[in-house]
Amino acid sequence: MSFSAISTIDEMGCIADCEQLHSPNCNERPEGVQPSLLVIHAISLPPGEYGGSYISQFFTNQLKIDSHPYFETISSLQVSSHFLIERSGKVTQFVSTEQRAWHAGQSEFNGKTNCNDYSIGIELEGTDDSPFTEVQYQKLALLTKVIQHKYPVIGQQRIVGHSDIAPRRKTDPGKFFEWEKYFNLLS
């Protein structure tokens with residue numbers, strides 16, 4: 001994805017200048033519910049390894065379990081996110097922002113449960129214990145601005161980490177995610 005200018009999300013919830021890989025791991029949002037929360041995640045497959053297409057394969061249910069011993073432990077999961085930003089800055093969209101991606105799991109924000117119903121999930125290729133790349137922050141900020149333009153209710157106070165909405169289960173995006181840098185890029 002090359003955001004030389006701010007793109008827009010179309011009426012179908014897609015960004016045209018972004019690679020599109022459809023994930024079956026989604027469904028319709030509850031009637032009348034629009035996105036009002038942005039959740040930042042971190043993922044690497046296998047854990048701690050970068051590059052390749054394992055994350056995309058995982059989100060599209062095409063991960064070959066025999067490719068790595070770790071994959072057996074996640075073989076029964078059906079997971080997706082709306083977007084993935086790889087370490088190179090490449091952005092892929094898996095689920096329309098108008099649909100409910102399966103990224104948050106059991107979760108709660110400000111007393112409201114089931115964050116998948118009303119959130120957009122962005123995965124950053126990375127781990128809890130290593131820094132993210134500069135280009136990832138740049139693309140995340142630009143993608144966030146596009147999302148905020150379409151869904152203005154998603155202000156800074158409604159942008160959270162996975163660890164914020166599922167604190168007993170999740171730790172991502174982790175201590176190396178630079179929230180101040182990210183929010184400064186949004187300003």
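**Exercise 1. Count the salt bridges in this predicted model and place the pair of lysine 90.**

Solution.
- Apply the rule: a side-chain nitrogen of Lys or Arg lies within 4 Å of a carboxyl oxygen of Asp or Glu. The count is four salt bridges.
- Mind the conventions. Residues are numbered from 1 along each chain as its sequence is written. Local features need pLDDT of at least 70, side-chain atom pairs count only at pLDDT 80 or more, totals for chains, interfaces and linings use all residues, and side-chain values use heavy atoms, without hydrogens and water.
- Take lysine 90. Its side chain meets that of glutamate 19 at 2.5 Å, N to O.
- Locate both ends. Lysine 90 sits in the loop between strand 4 (83-85) and strand 5 (91-93), and glutamate 19 in strand 1 (residues 19-20), 71 residues apart. Helices (H or I, at least four residues) and strands (E, at least two) are DSSP runs, numbered from the N terminus.

**Exercise 2. Are aspartate 117 and arginine 100 buried or exposed?**

Solution.
- Find the contact: the two side chains form a salt bridge at 2.6 Å, N to O.
- Place the residues. Aspartate 117 is in the loop between strand 8 (112-113) and strand 9 (119-125), and arginine 100 is in strand 6 (residues 99-101), so the bridge ties together parts 17 residues apart in sequence.
- Apply the cut-offs: buried is under 20% relative accessible area, exposed over 50%, partly exposed in between (1.4 Å probe, protein chains only).
- Aspartate 117 has 17% and is buried. Arginine 100 has 14% and is buried.

**Exercise 3. Work out which residues join lysine 181 in a salt-bridge network.**

Solution.
- Start with the pair: lysine 181 bridges to glutamate 134, with the closest N and O atoms 2.7 Å apart.
- Lysine 181 belongs to helix 4 (residues 179-186) and glutamate 134 to helix 2 (residues 134-150), 47 residues apart.
- Check accessibility. Lysine 181 is partly exposed at 25%, and glutamate 134 is partly exposed at 43%.
- Extend the pair: Glu134, Glu178 and Lys181 are linked in a network.

**Exercise 4. Describe the lining of the largest pocket.**

Solution.
- Define a pocket: on a 1 Å grid over the protein atoms alone, an open set of points where a 1.4 Å probe fits, with protein on both sides within 12 Å along at least five of seven lines; lining residues have an atom within 4 Å of a point.
- Count the lining: 24 residues, with Ala42, Ile43, His162, Lys170 and Asp172 nearest the centre.
- Find the main contributor: strand 3 (residues 37-43) gives the most, three residues.
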